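Trainee: I've got the model open on my screen. Could you walk me through a few of its features?

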Amino acid sequence: MALRLSMLPSTAAHHSIPSFRHWLPAQNSARFRCSPLSPRKDRCNFVALPAKPNSPRSVTVKSSQLSFPIISPHDHWGNWTALFAVATFGIWSEKMKIGSTLSGALVSTLIGLAASNVGIIACEAPAYQVVLDFLLPLAVPLLLFTADMRRVVQSTGPLLLAFLIGSVATTIGTVAAFFLVPMRSLGQDSWKIAAALMGRHIGGAVNYVAIADALGISSSVLAAGLAADNVICAVYFTTLFALASRVPTEHEAPPKDAVMNVESEGGNKLSVLHSATALAVSFAICKAGSYLTKFLGIQGGSLPAITAIVVILATIFPRQSSNLAPAGEAMALILMQVFFTVVGANGSIWNVMRMAPSIFVFALVQLAVHLSVILGVGKLFGLELKLLLLASNANVGGPTTACGMATAKGWSSLVVPGILAGIFGISIATFLGIGFGVKVLKYM
């Protein structure tokens with residue numbers, strides 16, 4: 001029932017209800033209408049009603065409301081601007097002390113987490129789904145154009161044996177940590193995050209993401225795992241460098257191909273043709289992987305199939321694939337940073353703070369067992385300490401950190417083998433993590 005409040009000519013009415021007509025225009029006048037959906041019968045809402053031409057003075061009210069999030073989920077340009085801006089800041093932050101300590105991935109995740117929780121961007125948006133469905137799979141082949149398995153076996157030598165021992169050590173560490181720290185508060189995500197961290201500490205961050213996507217880990221647990229693992233990795237790499245302080249430096253120049261690899265990671269000018277070709281080939285690989293996944297009825301998404309296809313192609317066509325690698329790695333870095341921003345935006349600060357401690361303790365136990373096993377078993381095999389430390393670095397950090405450690409310590413003969421061992425880990429870790437999680441961890 002609509003109630004019209006009018007200014008009556010009577011004196012009483014004139015004194016009890018003052019006129020606001022001279023403040024606001026009549027065409028924006030609003031009248032009281034009692035809402036039938038209101039839980040209280042005496043609660044009325046302001047609704048805009050057209051003023052009748054012959055009506056007496058009307059009470060006019062104009063209301064305003066600040067809506068959150070500031071960038072609407074359907075503001076596509078706004079959301080893409082925010083995602084790429086945060087990703088760019090994450091990459092830039094690694095030039096600063098705090099960014100190099102935390103890693104660009106964690107910086108992008110934390111900024112995305114904060115932005116969504118304070119209402120700057122939405123926690124869910126169509127742009128985020130585009131990142132998960134298309135940009136993330138596209139980053140995998142772009143990152144693995146150098147995954148030539150023949151070169152890995154031929155060039156790594158004893159470092160490959162040390163790396164395989166480290167992979168087994170990570171698996172043992174995962175079982176021990178899950179037994180001691182089962183993370184029951186995470187529910188079904190407990191064994192899934194354990195599997196993802198196993199893949200992370202055999203290959204790298206891309207494996208963590210692929211396993212999480214395949215097993216369906218919730219966004220808050222994914223963000224908490226990333227935050228906890230980055231802190232643990234910072235401590236772990238410090239420990240490795242402390243142990244490596246006893247190993248002497250090699251007094252020889254790095255091999256020519258090692259210098260080329262390091263320079264390619266430094267961001268030299270990229271060929272436009274190679275960049276376009278890398279994108280086209282990556283899109284084709286993603287299409288093939290998606291088709292095979294649906295055709296064979298494989299559960300868990302297309303990332304494992306995409307990984308297998310690019311590794312096979314890089315092994316069959318090593319020269320052509322390696323030409324695309326510099327451009328591919330640069331674009332993959334950007335896409336992965338955008339993905340980490342989405343991981344943060346999807347998360348809840350409270351859930352991350354609640355879940356991160358148990359994941360932190362799990363990862364701490366996992367890596368402590370890993371280091372103990374690789375050093376102990378490696379000594380039994382008669383492997384040098386520097387091989388074991390570099391292999392462990394390649395396991396936990398991937399090819400970039402392995403290359404950095406070998407270069408910083410002056411182990412010039414191990415720069416290329418360290419990179420190749422890390423690439424080998426990325427190539428196999430997704431399959432190992434998913435398989436071990438589904439067959440073993442799920443039933444522990």
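Mentor: Sure. Before we start, helices here are DSSP runs of at least four residues, numbered from the N terminus. Also keep in mind that this is a predicted model.

Trainee: Then where does Val 175 sit, in terms of helices?

Mentor: Val 175 is part of a nonpolar surface patch of about 480 Å², together with Phe 179, Leu 180, Val 440 and Met 444. Its relative accessible area is 30%, so Val 175 counts as partly exposed, between the 20% and 50% limits. As for the helix, residues 158-180 form the one that holds Val 175, and that is helix H7.

Trainee: Trp 80 and Phe 84 form an aromatic pair, but of which kind?

Mentor: Both residues lie in helix H2 (residues 76-93), four residues apart, about one turn of the helix. Their rings are 6.2 Å apart, centre to centre, with 40° between the planes. Planes under 30 degrees apart would count as stacked and over 60 as edge-to-face, so this pair is neither of those. The pair is tilted.

Trainee: Is Phe 84 buried, exposed or partly exposed?

Mentor: Buried needs under 20% relative accessible area and exposed needs over 50%. Phe 84 has 33%, so it falls in between. That makes Phe 84 partly exposed.

Trainee: Which helix gives the most to the lining of the second largest pocket?

Mentor: That pocket holds about 340 Å³ of space, and 15 residues line it, with Asp 133 and Phe 134 among the closest to its centre. H5 (126-143), H12 (272-296) and H13 (303-316) each supply at least two lining residues. The top contributor, with six residues, is H5.

Note on methods: Residues numbered from 1 in each chain as written. Predicted model: local features only at pLDDT ≥ 70, side-chain atom pairs only at ≥ 80, totals over all residues. Heavy atoms only, no water. Phe/Tyr/Trp six-rings, centres within 6.5 Å; stacked < 30°, edge-to-face > 60°. Buried < 20%, exposed > 50% of the residue type's maximum accessible area, 1.4 Å probe, protein only. Patch = residues over 30% accessible without salt bridge, like charges linked within 9 Å, V, L, I, M, F, W, Y side chains within 5 Å. Areas by Shrake-Rupley, 256 points an atom, 1.4 Å probe, with all protein chains shown as cover. Salt bridge = Lys/Arg side-chain N within 4 Å of Asp/Glu carboxyl O. 1 Å grid on protein atoms, 1.4 Å probe; cavity = no way out; pocket = protein on both sides within 12 Å on 5 of 7 lines; lining within 4 Å. Points joined across faces, edges and corners; volume = space filled by probe spheres on them.
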